[in-house]
Amino acid sequence: MERNLRKTRVGVVVSDKMDKTIVVAVKDSVQHPLYKKIMKRTVKFKAHDEKNECDVGDRVEIMETRPISADKRWRLVQIIEKAK
């Protein structure tokens, strides 16, 4: 049986201070429900980085997964672009 499609997001690593964990900021444009103005929104996800290979500023793709810790529900899929 095939697994259901899992959500993926692309964002920028804003913290790598924890062991095997990165914080990824995902930027999104959403429309205000009443005033219809386009607003920029940033959501931070904690993601599992098994090999500690990410640095601050990297563009990464993360994927939804089972809970790994109290607030980690995402894991690193790939590093799209390394920080300069």
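**A chat about the strands, loops and core**

Me: Where is Lys20 found?
Reply: Lys20 sits in the loop between β1 and β2. Please keep in mind that this is a predicted model.

Me: What is the phi of Lys20?
Reply: The phi of Lys20 is near 60°, which is a positive value in a residue other than glycine. In general, most residues other than glycine have a negative phi.

Me: Is Lys20 buried or exposed?
Reply: Neither term applies, because its relative accessible area of 31% makes Lys20 partly exposed. Partly exposed covers the range between under 20%, which is buried, and over 50%, which is exposed.

Me: How many residues are between the strands in the hairpin of β1 and β2?
Reply: There are five residues between the strands of that hairpin.

Me: And how do β1 and β2 pair?
Reply: Strand β1, residues 8-15, pairs with β2 in the antiparallel sense over three bridges. Val13 has Val24 of β2 as its bridge partner.

Me: What else is Val13 in contact with?
Reply: With neighbours within four places in sequence left aside, the contacts of Val13 include Ile22, Val23, Cys54, Asp55 and Val60.

Me: Which residues make up the largest nonpolar core?
Reply: That core has eleven residues: Val13, Ile22, Val24, Val26, Phe45, Ala47, Cys54, Val60, Ile62, Trp74 and Leu76. At least two of these residues come from each of β2 (21-31), β3 (38-48), β4 (59-64) and β5 (74-81).

Me: Which strand supplies the largest share?
Reply: Strand β2 does, with three residues of the core.

Me: Turning to β2 and β3, how many bridges join them?
Reply: Eleven bridges join β2 to β3, and these strands run antiparallel. One bridge pair consists of Asp28 and its partner in β3, Arg41.

Me: What about the hairpin of β2 and β3?
Reply: In that hairpin there are six residues between the strands, and Lys36 takes a positive phi near 65°.

Me: What is the phi of Asn52?
Reply: Asn52 has a positive phi of about 50°, although Asn52 is not a glycine.

Me: Where does Asn52 lie, and is Asn52 buried or exposed?
Reply: Asn52 belongs to the loop between β3 and β4. Its relative accessibility is 40%, so Asn52 counts as partly exposed.

Notes: Residues numbered from 1 in each chain as written. Predicted model: local features only at pLDDT ≥ 70, side-chain atom pairs only at ≥ 80, totals over all residues. Heavy atoms only, no water. Core = buried A, V, L, I, M, F, W, Y, C linked by side-chain atoms within 4.5 Å. Buried < 20%, exposed > 50% of the residue type's maximum accessible area, 1.4 Å probe, protein only. Helix = DSSP H or I, 4+ residues; strand = E, 2+ residues; numbered from the N terminus. Contact = heavy atoms within 4.5 Å. Pairing = 2+ DSSP bridges.
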